[in-house]
Amino acid sequence: MVSHADIRALVQDAREDLTRLRHQLHQHPESAFEEVNTAALIRGELTRLGIPFEAGFAGGTGTVAHLAGGAPTQTIDAASSAKTNSKSIANSVAHSIALRADIDALPMPDESNTAWRSQIAGRAHACGHDGHTVMLLGAARVLANISKKFPLPNPVTFVFQPAEETGMGAARMIEDGALDGSRIGSAVKRVYGLHAWPSLEVGCVASRAGPMLASAYAFEVTINGRGGHAAWPHLAADPIMVAAAIVQALQTIVSREIDPLDAAVVTITAIHGGDAFNVIPPTVSMRGTTRALKNSVRDHVNARVTQICQSVAASLGASATVHFLPGTPATNNCPETFARFERVAKIALGNDKVQPLHNPVMGGEDFSHYGEVAPACFFALGQKRPHEHFPPLHHPAFDFNDDSITTGVEMFCHLALDNA
């Protein structure tokens, strides 16, 4: 069977091409569900490599590729099949290992000082998805080369997912059959994903069992008051004052209603209302987000946001409507799948390159949806050099560290080949 040295050599051979592709993607970022050129690049590379794929997932820009392998089994687990709302399919192929990359960019400016900075105004790969995409392409390239000499111990499914930043892409990929084998390949038995991690040193990876990232829900509030002249506030129902009261009241959810040992966040991120210094506007709009690590906490927080907005507005002579957008659950790593990741990472990279992630973080990731369908592990990929300050994710100066590409490709390959 292929050795670690063989894998590393194949990864190094691909490094220059992958770096070039990463720069190309960085120059041409596309936001959620608009990744047409990105999807074309991915499919062109898969075609060049001779790897079978299906296009058109999640509204068109999602792509799923597959390499055969593994010992045959007779049936797909009925419970797993039911979770994907797909029919139970009897077949004679082995369950596959899924590797996922998100492909979308952010609607923000690129202020990175590089020769490959974004050429698209108001769009930037400031979250590292360009790096994620080329690492998955790199893993597909290496594993395809290996499969020409040795049978892969597992079938491998490569999931190129749009719209992670909106939290809507993963669910649509699952609905369209990305994991159940109904359109290509076989049903998935384990799924892995990674993310660029600016606080972790390049060459290192980190993860943890259980909750790693929080649920993430966005909400919109419209406050309807009664407009009037700023000099006669008693004749109006001031929605700006109502908004201020709501902002303060919402902070009591976490500080007074949630167990201090549980994590939760309620943040108002935008308030819009009025356009004149002497006019009380009739309406104010607000936007915000909630985060939690437990489903029960999430449900309580979201319900109380609605109740508080409505009751505070009513008490001040106004009304409020609250709309929650589709969100993502908390990212929970399956303990057994995490243990596989940790074992494989120490063998592939060395013990000193596998760092503990002691605490979860309150950022969200729609990779969480895959973990509700199959045992999953999400892990962090280091970006910074020793003693270096690296821009955080979603910062306009963020640029994925090309030196981490080989580490990510190696990890994807070793996880796909693990059959212990």
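How many residues does helix H6 have, and how far does it reach from its first C-alpha to its last? Helix H6, residues 239–257, has 19 residues and reaches 26 Å, close to the 27 Å expected at 1.5 Å a residue. Keep in mind that this is a predicted model. Below is a quick tour of H6, then of H10 with its partner H1, and then of H2 with its partner H4.

**Helix H6 and what it packs on**

- The buried residues in H6 are Pro239, Val242, Ala243, Ile246, Ala249, Leu250 and Ile253.
- Those buried H6 residues pack against four strands and a helix: strand E8 (215–224), strand E10 (264–272), strand E11 (279–280), strand E12 (283–292) and helix H7 (295–315).

**Two H6 residues to look at: Pro239 and Met241**

- Pro239 lies in H6, and its relative accessibility is 0%, so Pro239 counts as buried.
- If you set aside residues up to four places away in sequence, Pro239 touches Ile223, Gly225, Ile280, Pro281, Pro282, Thr283 and Val284.
- Take Gly225 from that list: it sits 14 residues from Pro239 in sequence, and the two C-alpha atoms are 5.0 Å apart in space.
- Met241 is also in H6, but Met241 is partly exposed, with a relative accessible area of 45%.
- Met241 and Ile280 are 39 residues apart along the chain, and 9.9 Å separates their C-alpha atoms.
- Ile280 therefore turns up twice here, as a residue that Pro239 touches and as the one whose C-alpha is 9.9 Å from that of Met241.

**Helix H10, and how H1 crosses it**

- H10 covers residues 405–417, which is 13 residues. From first C-alpha to last, H10 reaches 19 Å, close to the 18 Å expected at 1.5 Å a residue.
- Why is H10 described as largely enclosed by the rest of the structure? Because 13 of its 13 residues are buried.
- Helix H1 (residues 4–27) packs with H10: their axes come within 9 Å and cross at roughly 130°. That angle makes H1 oblique to H10.
- The crossing of H1 past H10 is right-handed.
- On the H1 side, the contact is made by His4, Ile7, Arg8, Val11, Gln12, Arg15, Leu18, Thr19 and Arg22. On the H10 side, it is made by Ile405, Thr406, Val409, Glu410, Cys413, His414 and Leu417.
- Sorted by class, the H1 and H10 contact has seven nonpolar, five polar and four charged residues.

**Helix H2 alongside H4**

- H2 (residues 36–49) and H4 (residues 129–147) have axes 10 Å apart and pack at an angle of about 10°. So H2 is roughly parallel to H4.
- From H2, the contact uses Leu41, Ile42, Glu45, Leu46, Arg48 and Leu49; from H4, it uses Thr133, Leu137, Ala140 and Arg141.
- By class, this contact of H2 with H4 has six nonpolar, one polar and three charged residues.

**Glu45 in H2**

- Glu45 is found in H2. Is Glu45 buried or exposed? With a relative accessible area of 13%, Glu45 is buried.
- Leaving out neighbours within four places in sequence, Glu45 is in contact with Leu21 and Leu137.
- Leu137 is one of the H4 residues in the contact with H2, and Leu21 falls in H1, which runs over residues 4–27.

Notes. Residues are numbered from 1 along each chain as its sequence is written. This is a predicted model: local features need pLDDT of at least 70, side-chain atom pairs count only at pLDDT 80 or more; totals for chains, interfaces and linings use all residues. Side-chain values use heavy atoms; hydrogens and water are left out. The expected span of a helix is 1.5 Å times one less than its number of residues. Buried means under 20% relative accessible area, exposed over 50%, partly exposed in between (1.4 Å probe, protein chains only). Axes are lines fitted to C-alpha atoms, for helices over the stretch in contact, and angles run from 0 to 180 degrees between N-to-C directions. Angles under 35 degrees count as roughly parallel, over 145 as roughly antiparallel, 65 to 115 as roughly perpendicular and the rest as oblique. A crossing is left-handed if the near helix is turned anticlockwise from the far one by less than a right angle, and right-handed if clockwise. Contact means heavy atoms within 4.5 Å. Ala, Val, Leu, Ile, Met, Phe, Trp, Tyr, Cys and Pro count as nonpolar, Asp, Glu, Lys and Arg as charged, and the others, Gly among them, as polar.
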